[in-house]
Amino acid sequence: MAGKSLNKVQLIGNLGKDPEVKYTPQGTPVAKITLATNERYKDKDGQWQDRTEWHNVVLWQRLAEIAGEYLRKGGKVYIEGRLQTRSWEGQDGQKRYRTEVVAGTMLLLDSRQQGSGGPRDDAGFPTDEVEPDDIPF
């Protein structure tokens, strides 16, 4: 597979809080959600343990608008996208990094969230690098 690569993420989880929808200076909608995935495993003593992993997800354009309209804290959602790491300089002069899932597909899994229902694709989500200054949060 020389020269080929794959950057694909698939998650099913629950929202940690309501989506945060904002707009870039150019008027493009962007939403930020936190998604919790859970894993259950047996520890070395044979006791069941639960582990929660939190994922930062960014949705653009129509997906951002749908997220703001239909997603709510605790709701279950399927997200498919790609990983992207942004970097910026903090107010203290230190370089900061944040790895996020940039969503390309969203499927609402709770019937109470369905609205008009079904999978939601956003064919126009950005495939180029996003500058930290473009994201309004």
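Here are some short exercises on this structure, each with a worked solution; the model is a predicted one.

**Exercise 1. Getting an overview**

Find out how many helices and strands the protein has, and in what order the elements follow each other.

*Solution.* Start by counting: there is one helix, and there are seven strands. Next, walk along the chain from the N terminus, and you meet the elements as β-β-β-β-α-β-β-β. To round off the picture, turn to the surface: 37% of the 137 residues count as buried. The accessible surface is about 8,500 Å², with 44% of that belonging to carbon and sulfur atoms. Finally, look at how the chain meets itself: among contacts between residues at least 6 apart in sequence, 61% join residues at least 24 apart.

**Exercise 2. How confident is the prediction?**

Work out which element has the lowest mean pLDDT and which has the highest.

*Solution.* Begin with the whole protein: its mean pLDDT is 84, and 80% of the residues reach 70 or more. Then go element by element. Strand E7 (residues 119–121) has the lowest mean, 42, while strand E1 (residues 9–15) has the highest, 96. Now widen the view around E7: over residues 113–132 the pLDDT is below 50. Beyond near neighbours in sequence, this stretch still has 48 contacts in the model.

**Exercise 3. One side of a helix**

List the buried residues of helix H1 and explain why they lie on the same side.

*Solution.* First, locate H1, which spans residues 61–70. Second, pick out its buried residues: Leu63, Ala64, Ile66 and Ala67. Third, look around the axis: these residues cover an arc of only 165°, and therefore they sit on the same side of H1. A general rule helps here: an α-helix has 3.6 residues a turn, so residues three or four places apart point the same way.

For contrast, try Glu69, also placed in H1. Its relative accessibility is 48%, which means that Glu69 counts as partly exposed, since the exposed class begins over 50%. Glu69 also has a partner to look for in space: its C-alpha atom is 9.6 Å from that of Val21, although the two residues are 48 apart along the chain.

**Exercise 4. Following the strands**

Trace how strands E2 and E3 pair, and then do the same for E4, E5 and E6.

*Solution.* Take E2 (residues 20–23) and E3 (residues 29–42) to begin with: they pair in the antiparallel sense over four bridges. Val21, met in the last exercise, stands opposite Ala31 in E3. Five residues lie between the two strands of this hairpin, where Gly27 takes a positive phi near 90°.

Move on to E5 and E6, which run antiparallel and are joined by 13 bridges. One pair to find is Gly81 with its bridge partner Ala103 in E6. These strands form a hairpin too, with five residues between them, and Gly93 in the turn has a positive phi of about 85°.

Last comes E4 (residues 48–60), which pairs with E6 (residues 95–108) in the parallel sense over two bridges. Here, Val57 has Val101 of E6 as its bridge partner.

**Exercise 5. A single arginine**

Decide whether Arg86 is buried or exposed, and name the residue its side chain contacts.

*Solution.* Place the residue first: Arg86 lies in strand E5 (residues 76–89). Next, check its accessibility. The relative value is 7%, so Arg86 counts as buried, because the cut-off for buried is under 20%. Then look for a partner: the side chain of Arg86 makes a polar contact with the side chain of Glu100, at 3.0 Å.

Definitions and conventions:
Residues are numbered from 1 along each chain as its sequence is written. Side-chain values use heavy atoms; hydrogens and water are left out. Buried means under 20% relative accessible area, exposed over 50%, partly exposed in between (1.4 Å probe, protein chains only). The arc is that of the directions from the helix axis to the C-beta atoms. A polar contact is a pair of N or O atoms within 3.5 Å; within protein, one must be able to donate a hydrogen and the other to accept it, and residues adjacent in sequence count only if both atoms are side-chain atoms. pLDDT is the predictor's confidence in each residue, from 0 to 100. Contact means heavy atoms within 4.5 Å. Accessible areas come from the Shrake-Rupley method with a 1.4 Å probe; for residues, only the protein chains shown count as cover. Two strands pair if DSSP finds at least two bridges between them.
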